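Reader: Could you walk me through this model, starting with the nucleic acid and then moving on to how the protein chains meet?

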2 protein chains.
Amino acid sequence: MKRPTIADVARRAGVSKGAVSYALNGQPGVSEATRQRILAIAAEIGFSPSSAARALSGATARAIGLILARPAQTLGIEPFFMELISGVEAELSARSYALTLQVVADTSAEIAVYRRWWGERRVDGVLVCDLRVADQRVPVLEELGLPAVVIGGPADTGRLASVWSNDAAALDETVEYLYALGHRRIARVGGLPDLLHTAIRTRAFTEVCQRLGLAESIVTSSDYTGEEGARATRRLLSSRLRPTAVIYDNDVMAIAGLSVAQEMGLAVPADLSIVAWDDSPLCRLVHPPLTAVGRDIPAYGGHAARQLLQAIEGGAAPTGLQDETAHLTPRGSTGPPPAGEQRSG
Amino acid sequence: MKRPTIADVARRAGVSKGAVSYALNGQPGVSEATRQRILAIAAEIGFSPSSAARALSGATARAIGLILARPAQTLGIEPFFMELISGVEAELSARSYALTLQVVADTSAEIAVYRRWWGERRVDGVLVCDLRVADQRVPVLEELGLPAVVIGGPADTGRLASVWSNDAAALDETVEYLYALGHRRIARVGGLPDLLHTAIRTRAFTEVCQRLGLAESIVTSSDYTGEEGARATRRLLSSRLRPTAVIYDNDVMAIAGLSVAQEMGLAVPADLSIVAWDDSPLCRLVHPPLTAVGRDIPAYGGHAARQLLQAIEGGAAPTGLQDETAHLTPRGSTGPPPAGEQRSG
DNA sequence: CTGAAAGCGCTTACAG
DNA sequence: CTGAAAGCGCTTACAG
C-alpha cells in the first residue's frame, strides 16, 4: 500500500501543499470552509504527515526520550517504572507525542545515548529517572541544551526543571507512626545509596530517630532485589537486639522481608512490624497485606511529562514542581511491638 | 549548542557530503584512508546523522514500535512486559534501532496507532503482543504492509512472522507432575479468555485431564490481577470438593492464591499445592517459594526483535520461530496432597 | 574513487 | 486568503 503524502491531499482538494499544511496544523492561511474540506479528504485517504519530513523542516521530532539504567531483573519486578511510563504515556498520547524508550547498563551508556539522540534530533527532550547525588547527567544535558525534566529531588538541577516529592516528610510520618505504636528499635533497609532519594530518606531517618531519642536506629543499603531484602532482613532479625519494626525502601524487599520473618518463625505484626515504600498492588497481594508508603505514580509521570512538553513547546523553562507527598496506608503488617519490648531501647 | 551536520564533517574533511555519507554507512565509494579520516572527524565533533533526514531519504526510521494494550495496573505488576522489553532493547540497541512504546486502552486504539505510525513512517515495523483468537490486528497490519512480528502462537498469522512457545506441552508437563504427586482434583485459574495462549492452555488442560481420567478438572478465567486471583481461589477452596492443587496463569494470581490459602488456614503445600505460570523473581519472594513454569522472557523478546529486524532489513519474510518450551521449576509450594485425598476424585 | 545534483515530504516566509 | 519556492539534512543514482 502506497502511503499518501501531502501532495495527494493537495491534489484531491485542488489546493497547494502549503494550504494543506496550514489546514492540518490549525494555522491561519486558509478559510474555514477550505480547512474542513482538506481535513475531510485527509481523513478519507488516511493521511498522516510523515514524522521525518515534519521533524526535518519543523525541527521538532514530536517524541520524547526515557532511559532506564537498571538491570532487567529489578526493572521487571518493580512496578514503579511501568506505572511511571503509563502516566507519561497518558500525557504524551493526548498530544500525540511518541515515547522513545531505551534500557542501558549504566550512567555512561546513558550519557552516550543522550548525546546520540541529540545529534540525531531523535527526541525533543528527555525525562531523567533515578536522580543521583551530584548527578553526572545534569551538566551534560545542560551543555547539550536538550530539554530535560528530572524526576526526583529536591536538588540543584541547574537549568533543568524537576518534579519531586517530599520524601523526608513521608519518612517522618512513618517513623512517628511506628513510635506511636510503641516501637523503639526501628530499622530501615534503604535502596541504592547513590540515588538521591535514598540519601534524603536516610538523612531524614537519622534525624527523626535522633529527635525521638531512638539511639539504635539501623540503616542498611541494598540494590532493591528480593535477595538483598531477604539477606538484610536475616541479618537484622539475627542481631542480639533485633528491631521490632523495619521500613523497606521498596515493595519487593518488604515482601522478601515478610517471607524471612515467616521463615524464622516470627509473626507479623505480633513480633515484627513491616512497612513498604512504593505502595503497589504487590503489597495487597501478600498475607498479611503490607502497610505501605505510597502515592500516585502514574500521576507523577504525567506531571513530569507535562513539564517537559511545556519546556519544549513553551520555550520558557518551567521552574519545577513539588508533587504530592507520599502517605502511609496502614494495613495488616504493622502493630504494637511484643509486650516487654515497648519501653526498651 | 549547534548540532553538527554532514556538511560540517564534509567541510572539515575536505570532501563532499556524499563521501561522508558513504563513509558513515560503510558503503563503497571512498578509499579506506578517507573513510577513517571522515570517521575520526565525525567522532571528534560529535556528529550523529539526523534520524529525520535519514528517514526521509532512506525511508527507514531505524525505530520499531511496541504497543501495550493493558490497564496500567496489570502492566506495572506483571514482570513479563518489562522483561520482554529489556530483551527487545538489548537486540535493538546493538543495532542502534530505537524503540517507540505506546500504552493504549484497547485493540481499536491500538489499530488506530498502527495506522498513524504507518502514515507517519514513524516506525519501520512493530512487535505485536498478546495475540488473540482471530486477532483483528493481523489483517490490518497485512493490509498496511507494515512489517510485524507476532509474539505468541502457534496460530495462522498470515504473512506475519511469529515467535511462540509450546504452552500446551508445558501445561502437560505440569499436570502430569501434579498427577504423579498424587493429585486428582486439579484446578486452573486461567488468564484473559480471549488471549490465544489462554485458549491453548485451556484446551491442553482439558485434554490432559481427560487423558489422565481426572473428571473434575475446573478452569476459571480472570484478568490477571491479584484481586481476581484471590477471588477465584476463595471460590475454589470453598467448594464442596475443593481442589488439592491449583495452577495459575500468572505469578501475581498465584501469590494472591497463596495468601488466600493462608488466610483460610490451609497449609501450602500440605493442604494445597500451588503452581505459578510466568516464573519470575516474585515467585521466589514469598514463603514458601512458588513452584513455577517459566522460561527466559528477555531472550524471547530478543528473538522477536531479531525476526523483525530481519523482516525489515532482509526483505525476505521470516517464517517464524518456535522458542524454547517453558519448564517447571519445583519449589516449596507443591507436594503430595493430604492423606486420604490421594485416591479420591 | 570522487563530486554535483536530485529528491525524500514536509514547513514557512514571501509574493500576489 | 492562496500559490510558488526555498530549505531542513540526509541518501543515492549519475557523471566524471
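**DNA and chain contacts**

Author: A phosphate oxygen of DNA strand C is 2.9 Å from a polar backbone atom of B:Ser31, which counts as a polar contact, meaning a pair of N or O atoms within 3.5 Å, where within protein one must be able to donate a hydrogen and the other to accept it, and residues adjacent in sequence count only if both atoms are side-chain atoms. This is a predicted model, in which local features need pLDDT of at least 70 and side-chain atom pairs count only at pLDDT 80 or more, while totals for chains, interfaces and linings use all residues. Residues are numbered from 1 along each chain as its sequence is written, chains are lettered from A and ligands numbered from 1 in the order in which they are written, and side-chain values use heavy atoms, with hydrogens and water left out.

Reader: Which side-chain N or O atoms of chain A sit by a phosphate oxygen or a base oxygen of strand C?

Author: The side chain of A:Ser21 has an N or O atom 2.4 Å from a phosphate oxygen of DNA strand C, and the side chain of A:Ser57 has one 3.0 Å from a base oxygen of that strand.

Reader: And on strand D, what lies by the base nitrogens?

Author: An N or O atom in the side chain of B:Lys17 is 3.2 Å from a base nitrogen of DNA strand D, and for B:Ala53 a backbone N or O atom lies 3.4 Å from a base nitrogen. Of the atoms of DNA strand D within 4 Å of the protein, 58% belong to sugar or phosphate and the rest to bases.

Reader: Switching topic, how much area do chains B and A bury between them?

Author: Chain B and chain A bury about 5500 Å² between them, 61% of it on carbon and sulfur atoms; buried area here is the accessible area (1.4 Å probe) that two parts lose on being put together, summed over both. B:Arg3, B:Met82 and B:Leu285 supply 13% of the area that chain B buries against chain A, more than any other three residues.

Reader: How many salt bridges are there between them?

Author: The count is 0 salt bridges between chain B and chain A, taking a salt bridge as a side-chain nitrogen of Lys or Arg within 4 Å of a carboxyl oxygen of Asp or Glu. There are, however, 15 residue pairs in polar contact between the two chains, both residues at pLDDT 80 or more.

How values were computed:
A residue is near a molecule or strand if one of its heavy atoms lies within 4 Å of it.
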